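This report describes a protein model, beginning with its domains and then turning to selected helices and residues. Please keep the structure in view while reading.

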Amino acid sequence: MPRPGDPWVAPTTADNKIMSKLKDLEDYREEINQCVKCGACRAHCPVFGAEKHEGRVARGKVALAGAVLDGEIGLEAKVLEDLSQCLLCGSCCAQCPNKVPTEEIVAAARRRIAEEKGLSSFGKGVAAVLGRPKLMDLLAKTGGALSNLLFKKVPENSGLRLRFPAPYIDADRTLPPIVAKPFRERVPEVIEGKPGMPTVAFFTGCGINYMYPAIGEAFLKALKFLGVTVIIPKDQACCGLPAVSAGAAKTVEDLAALNLAALTRRPVDYVVTACASCNAGIGKIYADLGDDYQALAAKTMDIFVFLVKQGLAEKLAALPKAANRTKVTYHDPCHLRTRGITKEPRRILQALPQVEFVEMTGAGTCCGLGGTYSVYHYDTSKQIGAKKAANIAASGAELVATDCPGCIMQLQDSINHAGGKAQAVHLLELLVAALPSEK
Amino acid sequence: MLDSRIIDQLRQIVGKDQVSTEKADLICYSYDATQQKFLPDVVVHPQTSEQISRIMRLANTEKVPVFPRGAGSGFTGGSLPTKGGIVLTTERMDKILEIDEENLVAVVQPGVVTEQFQLAVEKVGLFYPPDPASLKFSTLGGNVAECAGGPRCVKYGVTKDYILGLEVVTPTGDIITTGGPTMKGVVGYDLTKLLCGSEGTLGIVTRIVIKLLPLPEAKKTMLVLFGSIDGAARAVSAIVRNKIIPTTLEFMDGRTLDCVKQATGLQVPDAARAVLIIEVDGDREFLDKQARKIADIIQPLGVVETRIAETPEESEALWQIRRSVSASLRKVNPDKYNEDICVPRSKVPEMIRKVDEISDRYGIPIVNFGHAGDGNIHVNIMIDKKIPGEQEKAEKAIKEVFEGALALGGTMSGEHGIGIAKAPYIPLEITPETALYMKTLKKALDPNNILNPGKIFLD
């Protein structure tokens with residue numbers, strides 16, 4: 001019986017023994033050797049902070065990955081457990097004197113595990129997509145219990161399904177409802193802007209499509225304000241990041257191929273995301289898959305980077321400030337922070353006339369979701385989230401804005417567990433509230 | 001492999017979840033920052049002094065070595081389980097037990113991370129000065145065991161200067177206390193000072209009573225570029241001669257500066273061949289005056305440029321230059337020996353010249369930076385171990401560096417300790433009589449040689 005904390009069970013044939021373009025653990029030998037065991041990661045790893053065990057920190061995981069490569073230890077249960085205890089948040093690498101990419105090493109180790117041991121149960125969920133390449137499979141009309149909601153309404157190839165397989169969800173967890181009509185079914189595929197303005201493809205990701213369509217609508221409103229032409233390809237798929245986390249290499253590549261086709265059918269200047277994880281999925285992970293993918297990755301841009309580039313921060317800053325402003329703080333999603341995107345969202349936030357921006361302590365530490373991590377290690381995930389909730393409360397902010405649906409979900413869950421009053425929102429929702437209403 | 005009977009007894013003492021013989025866990029507790037690796041037989045996470053006492057008694061009965069460990073961030077192998085046996089980690093004894101604002105004293109468990117403690121006392125306007133480079137992750141227990149230093153020690157002293165008392169489990173399993181929360185105390189031998197820096201060979205620290213200071217109101221940072229290391233060293237002497245003791249007086253030699261320039265694109269004039277980072281702390285109005293006075297004192301000594309930080313952000317940017325040193329060194333060569341000799345501060349330029357000469361003679365890059373204010377020089381011997389013969393050359397160079405430091409009235413190690421890394425060199429500095437005195441102590445307190453055996457002195 002699979003159970004939380006014991007994810008590496010139930011071998012499956014899918015994803016086994018395939019030649020992947022994604023890097024093998026062996027390809028990271030040099031990076032593994034770059035770890036000088038100084039221990040700096042102990043100060044920054046959110047999982048270590050909660051667990052206080054060397055096997056849970058980057059240094060330990062890198063040592064284990066090295067020992068696996070050297071044949072000193074096999075893929076035994078304890079090794080798999082330690083390697084599953086990683087949020088892939090990249091906090092360690094950001095502070096590592098030698099910039100050892102532990103999150104990439106752990107992901108490669110998980111692919112190795114999937115190859116040798118078969119996929120975990122959530123990995124199997126991903127693998128289901130192989131037999132069903134068609135997107136927007138079906139959506140049930142009504143829901144009931146949470147498990148039914150998740151299983152009936154979300155297509156099998158959605159990353160959400162991988163994140164929240166029903167038997168693992170705790171009853172006390174706050175999750176947004178799955179919407180009856182997904183975002184991409186509500187909007188036309190092409191929304192023409194003004195001549196001379198750029199054309200962008202909107203990569204929605206699963207979070208916006210199935211749980212937070214309001215973020216998608218805010219996205220469109222902001223770009224309409226600027227006169228940007230937006231294409232929302234109906235056949236885009238999950239970015240594949242949950243499959244990266246699960247070690248399901250073949251699925252990552254299949255999803256990447258679907259998205260490459262969907263996002264390059266029409267010429268666009270940029271592929272814009274409003275989800276940090278999707279941004280890292282397409283913008284970073286795909287880059288290893290070949291030239292076409294590299295070109296796609298190079299075009300991928302976070303919404304706030306795009307908006308700042310279009311001069312929106314100045315336009316907002318020129319608006320008269322509201323008399324009664326709302327205190328808002330910002331949470332850095334790991335998948336933007338590790339890619340150096342921290343200033344642009346703050347520039348927009350600070351420019352908003354109705355907002356009084358306050359920086360919180362530890363804005364850049366992981367919220368504790370880690371995608372699939374929170375499903376299998378919800379207790380640790382909650383402990384990490386509790387620190388975040390305390391920092392939000394200490395900042396005095398009424399709202400915590402961020403740029404990732406996954407973080408919003410975890411932040412709200414953490415605030416609720418702590419009995420806090422703050423509300424987690426997407427920065428786009430605050431932004432469009434400041435824009436002049438349409439005539 | 002330990003007898004399963006011993007493992008069972010350990011489980012009875014600390015609980016099943018706090019004992020592991022899994023290979024994965026043994027690997028994770030096999031290393032420290034020396035990058036050497038020794039697998040223990042078992043890893044134990046005790047939570048109380050009583051548990052540690054029972055573990056020590058068991059270890060004596062069964063003649064199993066015990067290796068205490070904090071964060072495993074030491075540079076000399078002090079926590080390495082060189083003979084297998086038990087790794088006893090205090091990382092889960094991580095509570096701050098008391099911060100007494102009336103008496104300026106705090107009581108902590110050994111697993112508290114140094115920076116976490118500093119932040120906690122700073123919240124109530126108090127100050128714990130020792131600041132080893134590892135302060136974000138090293139533990140106070142480890143700091144006491146190694147008598148950790150840091151940049152601020154120029155003005156404020158090292159770890160032992162702040163430890164008023166300890167609770168310690170002895171090598172044979174007794175629980176003793178030394179010192180106490182009073183500023184004065186002369187009853188019996190000063191065991192607190194003896195245990196500070198004893199590298200976990202004489203006892204396991206289980207509770208620490210710490211002296212605190214009022215938190216200085218502000219600090220001011222300046223970066224001064226010199227045309228030569230001599231100028232920088234004369235500046236250090238001149239500042240001290242003028243009765244100013246800055247909080248920190250960090251230096252980087254020309255080779256270090258080259259590494260940083262190459263790695264970070266730092267813009268400095270080509271004439272700059274040494275750097276001093278000077279920080280003063282105290283009342284706000286007094287700092288500007290003091291910074292100006294320092295600038296005036298050192299101006300005639302070959303200053304190429306002086307940058308004074310006006311804001312905390314600018315100060316942070318100056319410190320970032322110092323912090324980028326370690327990573328930038330890797331561009332020189334992949335492997336490094338990081339030695340931490342200490343000489344009288346007036347001898348720093350002479351020592352640097354000596355190191356440069358050794359570097360040239362062996363044909364291996366050696367870069368120097370560190371705490372000029374107290375003469376504590378970090379000598380980094382950069383090699384590529386993959387090249388045959390490099391390691392042997394490095395070891396010969398290290399010996400000459402130590403001999404050089406000793407000839408100038410200095411010491412082999414200012415703050416990293418001896419562990420196993422420097423144990424072979426100890427006869428260079430300590431006479432046989434002094435060594436015998438120390439070994440006699442160890443033998444009397446640990447007759448079975450159970451606690452951290454083979455450290456400081458080779459068996």
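In this predicted model, the domain assignment divides chain A into domain 1 (25-117), domain 2 (125-168), domain 3 (183-308) and domain 4 (313-434). The centres of domain 1 of chain A and domain 3 of chain A, taken over C-alpha atoms, are separated by 30 Å. Contact between these two domains involves 6 residues of domain 1 of chain A and 6 residues of domain 3 of chain A. On the side of domain 1 of chain A that touches domain 3 of chain A, there are 4 nonpolar and 2 charged residues, and no polar ones.

For chain B, the domain assignment gives domain 1 (4-89), domain 2 (96-214), domain 3 (218-325) and domain 4 (332-428). Between the C-alpha centres of domain 2 of chain B and domain 3 of chain B the distance is 30 Å. The contact draws 4 residues from domain 2 of chain B and 6 residues from domain 3 of chain B. The side of domain 2 of chain B that touches domain 3 of chain B consists, by class, of 2 nonpolar and 2 charged residues, with no polar residue.

**Chain A as a whole**

Chain A contains 24 helices and 9 strands. Of its 439 residues, 56% are buried. Among the contacts in chain A with a separation of 6 or more, 79% are between residues 24 or more positions apart.

**Two helices**

The table sets out one helix from each chain.

| Helix | Residues | Expected span | Distance between end C-alpha atoms |
|---|---|---|---|
| H12(A) | 14 residues (213-226) | 20 Å | 20 Å |
| H14(B) | 18 residues | 26 Å | 26 Å |

For helix H12 of chain A, the expected span rests on 1.5 Å a residue, and the distance between its end C-alpha atoms agrees with it. Which residues of H12(A) are buried? They are A:Ile215, A:Gly216, A:Ala218, A:Phe219, A:Ala222 and A:Leu223. Viewed down the axis of H12(A), these buried residues fall within an arc of 160°, and they therefore line one face of the helix. Just after H12(A), A:Gly227 adopts a positive phi of about 80°.

In H14(B), the buried residues are B:Ala394, B:Ala397, B:Ile398, B:Val401, B:Phe402, B:Gly404 and B:Ala405. Seen along the axis of H14(B), its buried residues lie within an arc of 160°, so one face of the helix is lined by them. The elements that cover the buried residues of H14(B) include strand E16 (335-342), helix H13 (348-362), strand E18 (376-383) and helix H15 (426-429) of chain B. Just after H14(B), B:Gly409 has a positive phi of about 85°.

**Three individual residues**

B:Phe402 belongs to helix H14 (residues 390-407) of chain B. Why does B:Phe402 count as buried? It is buried because 22 other C-beta atoms lie within 10 Å, and the cut-off for a buried residue is 20 or more. Leaving out residues up to four places away in sequence, B:Phe402 touches B:Ile341, B:Met412, B:Tyr425 and B:Leu428. One of these, B:Met412, is 10 residues from B:Phe402 in sequence and 5.5 Å from it in space, C-alpha to C-alpha.

A:Val268 sits in the loop between helix H14 (249-264) and strand E4 (270-273) of chain A. It counts as partly exposed because it has 19 C-beta neighbours inside 10 Å. Not counting residues up to four places away in sequence, A:Val268 touches A:Thr199, A:Val200, A:Ala201 and A:Ile231. A:Val268 and A:Gly49 are 219 residues apart in sequence, and their C-alpha atoms are 43 Å apart in space.

The largest nonpolar core has 253 residues, of which A:Ile348, B:Ile210 and B:Leu276 touch the most other members. Apart from neighbours within four places in sequence, B:Leu276 is in contact with residues including B:Val224, B:Phe226, B:Leu249 and B:Ala372.

**Where the chains meet**

Contact between the chains involves 23 residues of chain B and 21 residues of chain A. On the side of chain B that touches chain A, helix H2 (23-28) and helix H12 (325-329) of chain B each supply at least two residues. H2(B) gives the most, with 5 residues. By class, this side of chain B has 9 nonpolar, 5 polar and 9 charged residues.

Notes:
Residues are numbered from 1 along each chain as its sequence is written. Chains are lettered from A and ligands numbered from 1 in the order in which they are written. This is a predicted model: local features need pLDDT of at least 70, side-chain atom pairs count only at pLDDT 80 or more; totals for chains, interfaces and linings use all residues. Helices (H or I, at least four residues) and strands (E, at least two) are DSSP runs, numbered from the N terminus. The expected span of a helix is 1.5 Å times one less than its number of residues. A residue is buried if 20 or more other C-beta atoms lie within 10 Å of its own, exposed if 12 or fewer, and partly exposed in between; C-beta atoms are placed from the backbone. The arc is that of the directions from the helix axis to the C-beta atoms. Two residues are in contact if their C-beta atoms, placed from the backbone, lie within 7 Å. Ala, Val, Leu, Ile, Met, Phe, Trp, Tyr, Cys and Pro count as nonpolar, Asp, Glu, Lys and Arg as charged, and the others, Gly among them, as polar. Domain bounds come from an automatic or database domain assignment. A nonpolar core is a set of buried Ala, Val, Leu, Ile, Met, Phe, Trp, Tyr and Cys residues joined through C-beta atoms within 7 Å.
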